Amino acid sequence: HFIMRPDTSAAWSSFDDFRAHVVMLVGDSGVGKTCLLVRFKDGAFLAGSFISTVGIDFRNKVLTVDGVKVKLQIWDTAGQERFRSVTHAYYRDAHALLLLYDVTNKASFDNIQAWLTEIHEYAQQDVVLMLLGNKVDSAQDRVVKREDGEKLAKEYGVPFMETSAKSGLNVELAFTAIAKELKHRSMKLPNEPKFKLHDYVKKEVRGSGCCRS
Ligand SMILES: Nc1nc2c(ncn2[C@@H]2O[C@H](COP(=O)(O)OP(=O)(O)OP(=O)(O)O)[C@@H](O)[C@H]2O)c(=O)[nH]1
């Protein structure tokens, strides 16, 4: 875990040197930000005791999107209130934000509006934003309906998906959607059809994702 600002130059020195897109994970403590990142990066689920992120942590991943390499540097922030001022300092460097709540925790959903206010205040105006309802594998403990997530997302014009870091449901899709949007924005190829994040997230697999490994 790092409290210092992630050092992009050091992180990429052994990689190659084209610019990374910074994707930041935000949301209440315990919604599954670290697990989502680990699932995406390593294809595994961090089972067992819950270790809260301190300050900020980050991982790099290169995706190939439509034949082009896209580098993501993913910043995993601490959801705990006491680290909020640390997180504020990082917003302005983020190109994309994945805002998570936990479908088994109503408070984490109720706090989404406060997170959106914070994002509005600290993030870049054109930041790519997506709302994710995580832990859908816990179908029996679900307290936030899919429709509630959809409604909120629609209200704010934000693309929305439900995910599970445990089963892997839609995790790859969410990051790929973000990578596609970032690639599209950075390349601005005149002949390329416009990429629509809202349309892309319709590829989402619905359900609990309970039965995948
Ligand atoms: N069932 C289920 N549990 C999950 C899922 N994602 C995370 N968890 C569990 O939720 C707890 C918190 O997960 P973390 O990824 O550490 O949460 P976080 O959002 O990073 O928390 P902070 O670092 O405090 O901000 C852990 O016990 C995980 O095992 C999921 O998709 N399904």
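In what order do the elements of the protein chain run from the N terminus on? A few notes on this predicted model, starting with that one.

1. **Overall layout.** The elements go α-β-α-β-β-α-β-α-α-β-α-β-α-α, counting from the N terminus. That gives 8 helices and 6 strands in the protein chain. Of its 213 residues, 40% are buried. Among contacts with a separation of 6 or more, 75% are between residues 24 or more positions apart.

2. **The sheet.** The strands form an open sheet of 6, in the order 2-3-1-4-5-6, and the pairing is mixed. Strand 2 (56-65) and strand 6 (160-162) sit at the edges, each pairing on one side only. From one strand to the next, the twist averages 25°. As a reminder, strands of a sheet pair through backbone hydrogen bonds, either parallel or antiparallel.

3. **The antiparallel hairpin.** Strand 2 and strand 3 (residues 68-77) are joined by 10 bridges and pair in the antiparallel sense. Two pairs are handy for checking the register: Thr64 has Lys69 of strand 3 as its bridge partner, and Ile56 stands opposite Thr77 of strand 3. The hairpin leaves 2 residues between the strands, and Asp66 there has a positive phi near 50°.

4. **Strand 4 in the sheet.** Have a look at strand 4 (residues 96-102): 7 of its 7 residues are buried, so the rest of the structure largely encloses it. Side chains in a regular strand alternate between the two faces of the sheet. Here Ala96, Leu98, Leu100 and Asp102 point one way, while Leu97, Leu99 and Tyr101 point the other way, and all are buried. Note that Asp102 is in that buried set.

5. **Neighbours of strand 4.** On one hand there is strand 1 (residues 21-27), which runs parallel to strand 4 and is joined to it by 5 bridges. Gly27 is the residue opposite Leu100. Strand 5 (residues 128-134) also runs parallel to strand 4, with 7 bridges between them. In that pairing, Tyr101 has Gly133 of strand 5 as its bridge partner.

6. **Helix 2.** Is helix 2 largely enclosed or left open by the rest of the structure? It is largely enclosed, because 7 of its 10 residues are buried. The buried ones are Lys33, Thr34, Cys35, Leu36, Leu37, Arg39 and Phe40, so-called charged side chains such as Lys33 and Arg39 included. Their cover includes strand 1, strand 2, strand 3, strand 4, strand 5 and helix 7. Just after the helix, Gly43 takes a positive phi of about 70°.

7. **Helix against helix.** Helix 2 and helix 7 pack with their axes 9 Å apart, at an angle of about 85°. The two helices are therefore roughly perpendicular to each other. Helix 2 brings Leu36, Arg39 and Phe40 to the contact, and helix 7 brings Val171, Glu172 and Phe175. Sorted by class, that contact holds 4 nonpolar, no polar and 2 charged residues. Leu36, Arg39 and Phe40 thus turn up twice in these notes: they are among the buried residues of helix 2 and they take part in the contact with helix 7.

8. **The ligand site.** Which residues are closest to the ligand? Ser29, Gly32, Ser52, Thr53 and Gly79 are, out of 21 residues that surround it. By class, the shell has 6 nonpolar, 11 polar and 4 charged residues. Helix 2 (residues 33-42) supplies the largest share of the shell, with 3 residues. Helix 2 therefore appears both in the shell around the ligand and as an element largely enclosed by the rest of the structure.

9. **Towards the C terminus.** Val205 lies in the segment after helix 8 (197-200). This residue is partly exposed, with 15 other C-beta atoms within 10 Å. Leaving aside residues up to four places away in sequence, Val205 touches Leu169 and Asn170. Ser138 is 67 residues from Val205 in sequence, and the two are 16 Å apart in space, C-alpha to C-alpha.

How values were computed. Residues numbered from 1 in each chain as written. Predicted model: local features only at pLDDT ≥ 70, side-chain atom pairs only at ≥ 80, totals over all residues. Near = placed C-beta within 6 Å. Helix = DSSP H or I, 4+ residues; strand = E, 2+ residues; numbered from the N terminus. Nonpolar A, V, L, I, M, F, W, Y, C, P; charged D, E, K, R; others polar. Buried ≥ 20, exposed ≤ 12 C-beta atoms within 10 Å, placed from the backbone. Contact = placed C-beta atoms within 7 Å. Pairing = 2+ DSSP bridges. Axes fitted to C-alpha atoms, helices over the stretch in contact; angles between N-to-C directions. Parallel < 35°, antiparallel > 145°, perpendicular 65-115°, else oblique.
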